[in-house]
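Dear colleague,

Please find below the structure that I am handing over to you. After it, I describe what was found, one region at a time.

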Amino acid sequence: MRHTDEQFIAAWREGLCSPPAVAKLLGMTERGVYLRRKTLAEKGVVLETTMVNKQNDVRVAYSQSWSYPRERTIQVDNGHVVVFSDAHFWPGERTAANEALLTLIKRLKPVRVVANGDIFDGARVSRHDPHGWGQPPSVKEELDACLERLHEIALTAPRGTALDWNIGNHDMRFDKALAINAPQYDGVLERLADKFPEWELAWSMRVNNTLMIKHRQANGIHAVYNNTLKGGLSMVTGHLHRLAVTPWADYNGRRWGVDTGTLSDPLGPQFEYLENNATPWTSGFAVLTFKDGRLLPPELCEVLDGVAYFRGDAV
């Protein structure tokens with residue numbers, strides 16, 4: 001059934017600017033909702049740029065010029081938020097950190113699980129030249145590995161757990177390759193977000209207006225310190241693979257910078273480009289605990305000699 005522009009706009013507002021809600025109201029696919037919204041924008045009808053989900057109290061800042069929502073605004077009063085990053089999922093590889101993640105999700109029953117970037121590696125669509133005659137997995141093989149691992153997480157999480165994915169620089173390779181090589185197929189070929197309907201993709205997530213979770217900001221050995229110092233909030237990032245918590249305090253109180261390490265094996269085949277150089281990379285992830293809306297000191301699950309440890313015990 002073809003809906004008029006007026007009917008679509010009314011449904012957009014009734015659905016609180018939520019594409020899934022609009023799709024349900026109009027009997028459309030979510031992808032169809034995005035395409036129709038884009039068509040209206042081309043006509044000069046720019047719909048509201050804030051999405052509100054009453055059930056989860058989530059607000060999403062959109063912009064017509066951004067490829068993904070700029071920021072999701074979340075409220076967490078009590079419970080755990082598990083944040084992992086830099087999985088670089090590789091076919092056939094199942095790491096100790098990955099196993100520990102599933103175990104702790106079962107044990108802690110988090111209210112949210114955040115995949116904080118570089119879940120997809122994109123070895124075949126990298127800008128880097130091949131190392132030699134080695135054959136990295138195809139895009140499809142990598143994508144299948146991501147689908148399998150992320151679906152395992154979704155199945156392990158308790159019913160109602162929110163699943164979030166902040167885009168990383170490696171994740172961008174998927175859509176970038178399509179945009180560069182097949183721009184005429186915009187709206188026809190599926191983007192990365194279309195492949196993972198269980199997960200909400202965005203650039204960043206602001207929690208309780210005191211915490212920012214995003215894939216990357218500062219670089220260098222003092223990155224987690226600089227992130228929270230200059231960002232003005234506690235900040236959780238990935239990208240650097242170091243796995244660390246650095247506190248800071250000022251007149252605004254105490255806050256933390258967190259590097260979530262890597263869910264992958266730092267010696268895995270994804271990282272052959274390092275030529276076996278020594279790195280500070282560490283396998284693991286972070287657990288954030290909220291009490292009455294306050295972020296408590298962040299905790300790390302860290303892999304040492306192939307064994308994952310959390311709160312002093314092997315997982």
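Strand β10 covers residues 234–237, and both of its faces are covered. S234 and V236 lie on one side, M235 and T237 lie on the other, and all of them are buried. Please bear in mind throughout that this is a predicted model. Strand β10 pairs with strand β9, which comprises residues 211–214. The two strands run in the parallel sense and are joined over 3 bridges. Within this pairing, V236 of β10 is the bridge partner of I213.

One residue of β10, S234, leads to the next site, since S234 is among the residues that R255 touches. R255 itself belongs to strand β12, which runs over residues 253–259. Is R255 buried or exposed? Its relative accessible area is 6%, which is under the 20% limit, so R255 counts as buried. What does its side chain reach? There is a backbone oxygen, that of T228, at 3.0 Å. In addition, the R255 side chain makes a polar contact of 2.9 Å with the side chain of D250. Leaving aside residues up to four places away in sequence, R255 also touches L229, G232, L233, T246, P247 and W248, among others.

The next region is the loop between β4 (79–84) and α4 (96–108), where D86 is found. S85 lies in this loop as well. Both residues are buried: the relative accessibility is 0% for S85 and 0% for D86. The side chains of S85 and D86 are joined by a polar contact of 2.7 Å. Beyond its neighbours up to four places away in sequence, S85 touches N116, G117, G238, H239, T260, G261, T262 and L263.

D86 also deserves attention for its backbone. Most residues other than glycine have a negative phi. D86 is not a glycine, yet its phi is positive, at about 50°. A second aspartate, D118, is also not a glycine and has a positive phi, of about 55°. D118 is found in the loop between β5 (112–115) and α5 (139–156). With a relative accessibility of 1%, D118 counts as buried.

The loop between β5 and α5 also holds R124. How accessible is R124? Its relative accessible area is 43%, which lies between the limits of 20% and 50%, and R124 is therefore described as partly exposed. The side chain of R124 makes a polar contact of 3.3 Å with the side chain of Q135. Apart from residues up to four places away in sequence, R124 touches Q135, P136, P137, S138, V139 and E142. As for W165, it is 41 residues from R124 in sequence, and the two C-alpha atoms are 22 Å apart in space.

I turn now to three strands that follow one another along the chain: β15 (residues 299–304), β16 (residues 307–310) and β17 (residues 313–314). Strands β15 and β16 run antiparallel and are joined by 3 bridges. In this pair, L304 stands opposite V307 of β16. The hairpin that they form has 2 residues between the strands, and D305 there takes a positive phi near 50°.

Strand β16 also pairs with β17, again in the antiparallel sense, over 2 bridges. Here Y309 stands opposite A314 of β17. The hairpin of β16 and β17 likewise has 2 residues between the strands, and in it R311 takes a positive phi near 55°. How do the two faces of β16 compare? A308 and F310 form a covered face, whereas V307 and Y309 form an uncovered one. This may be set beside β10, where both faces are covered.

Finally, there is a pocket to consider. The second largest pocket has a volume of about 1100 Å³. It is lined by 38 residues, and those closest to its centre are S126, H128, H170, R173 and Y273. What kinds of residue make up this lining? There are 13 nonpolar, 15 polar and 10 charged residues.

I hope that this description is of use as you examine the structure.

With kind regards

Conventions:
Residues numbered from 1 in each chain as written. Predicted model: local features only at pLDDT ≥ 70, side-chain atom pairs only at ≥ 80, totals over all residues. Heavy atoms only, no water. Helix = DSSP H or I, 4+ residues; strand = E, 2+ residues; numbered from the N terminus. Buried < 20%, exposed > 50% of the residue type's maximum accessible area, 1.4 Å probe, protein only. Polar contact = N/O pair within 3.5 Å; in protein donor to acceptor, adjacent residues only side chain to side chain. Contact = heavy atoms within 4.5 Å. 1 Å grid on protein atoms, 1.4 Å probe; cavity = no way out; pocket = protein on both sides within 12 Å on 5 of 7 lines; lining within 4 Å. Points joined across faces, edges and corners; volume = space filled by probe spheres on them. Nonpolar A, V, L, I, M, F, W, Y, C, P; charged D, E, K, R; others polar. Pairing = 2+ DSSP bridges.
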